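Visitor: Before I accept any label attached to this model, I would like to hear the criterion behind it. Could you take me through the terms one at a time?

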Amino acid sequence: GKDGSKGAQVMKGWGKGFGKTIQVHGDPSNMVYVANLPFKAEWQEVKDYMKTVGPVEFVKILTEDGTEYGRSRGVACVRYASASDAGKAIALLNNTFFLSRTISVDRWRAGSSTSTNLRPESAIPRDMPIVTTIAV
């Protein structure tokens with residue numbers, strides 16, 4: 001009935017945002033998490049800044065609704081060509097000044113609050129009890 005189609009719409013909307021967001025592939029050891037970005041920062045600016053320590057393969061600015069057009073959360077995922085470049089980024093770019101803010105660069109963790117949206121499969125076992133508790 002009506003309720004069923006309404007539920008399906010919600011799922012569809014989620015799927016759309018989700019599909020766009022799960023574009024993060026690659027070895028997490030090559031990836032870093034950049035936080036406290038200015039909300040107006042474009043991915044290209046982030047890339048140009050982050051590539052000062054090594055070749056950047058991929059930049060994704062995370063948004064509140066998980067789509068590319070959503071409002072920036074001031075957080076990005078940056079993937080380097082190698083784990084050593086990612087390590088250099090953490091060592092050299094953490095707590096540096098980018099545009100108007102002091103950014104924080106850290107190792108990409110498959111269980112952090114932001115990457116839960118990006119890598120649901122790796123977060124499911126740990127989050128399962130919490131989800132169950134909320135559902136009850």
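Guide: What follows sets computed values against the definitions they rest on.

Guide: This is a predicted model, in which local features need pLDDT of at least 70 and side-chain atom pairs count only at pLDDT 80 or more, while totals for chains, interfaces and linings use all residues. Residues are numbered from 1 along each chain as its sequence is written, and side-chain values use heavy atoms, with hydrogens and water left out.

Visitor: How many helices and strands does the protein have, and how do you know what counts as one?

Guide: Helices are DSSP runs of H or I with at least four residues, and strands are DSSP runs of E with at least two, both numbered from the N terminus. On that basis the protein has five helices and five strands, and their order from the N terminus is α-β-α-β-β-α-β-β-α-α.

Visitor: Why is V34 called buried?

Guide: Buried means under 20% relative accessible area, exposed means over 50%, and partly exposed lies in between, with a 1.4 Å probe and protein chains only. V34 has a relative accessible area of 0%, and therefore counts as buried. The residue is found in strand β1, residues 31-35. Over the protein as a whole, 36% of the 136 residues count as buried.

Visitor: What makes a residue a contact of V34, and which residues are in contact with it?

Guide: Contact means heavy atoms within 4.5 Å. Leaving aside neighbours within four places in sequence, V34 is in contact with M50, G74, V75, A76, V78, I103, S104 and V105. By the contact criterion, 64% of the protein's contacts between residues at least 6 apart in sequence join residues at least 24 apart.

Visitor: Why does N30 count as buried, and R109 as partly exposed?

Guide: N30 has 15% relative accessibility, which is under the 20% limit, so N30 counts as buried. R109 has 47%, which falls between 20% and 50%, so R109 counts as partly exposed. N30 has its place in the loop between α1 (2-21) and β1, whereas R109 is found in the loop between β5 and α4 (113-118).

Visitor: What makes the link between R109 and D106 a polar contact?

Guide: A polar contact is a pair of N or O atoms within 3.5 Å; within protein, one must be able to donate a hydrogen and the other to accept it, and residues adjacent in sequence count only if both atoms are side-chain atoms. The side chains of R109 and D106 are joined at 3.3 Å, so the distance satisfies the limit of 3.5 Å.

Visitor: How do you know that β2 and β3 pair?

Guide: Two strands pair if DSSP finds at least two bridges between them. Seven bridges join β2 (residues 56-63) to β3 (residues 72-80), and the two run antiparallel, so the requirement of at least two is met. Within this pairing, V59 stands opposite V78 in β3. The antiparallel strands β1 and β5 are joined by four bridges, with V34 opposite V105 in β5. Three bridges join β4 to β5, also antiparallel, and T96 stands opposite I103 in β5.

Visitor: What puts the buried residues of α3 on the same side of that helix?

Guide: In α3 (residues 83-93), the buried residues are D85, A86, A89, I90 and L93. They cover an arc of only 145° around the axis, which puts them on the same side of α3; the arc is that of the directions from the helix axis to the C-beta atoms. On the other side, S84, A91 and L92 are exposed. The cover over the buried residues of α3 includes β1, α2 (43-50), β3, β4 (96-98) and β5 (101-107).

Visitor: What makes a set of residues a nonpolar core, and how many residues has the largest one?

Guide: A nonpolar core is a set of buried Ala, Val, Leu, Ile, Met, Phe, Trp, Tyr and Cys residues joined through side-chain atoms within 4.5 Å. The largest has 20 residues, and those with the most contacts inside it are V32, V34, V46, M50, V78, Y80 and V105. The elements giving two or more residues to this core are β1, α2, β2, β3, α3 and β5, and the largest share, four residues, comes from α3. A second, separate core of seven residues includes M31, A35, C77 and W108.
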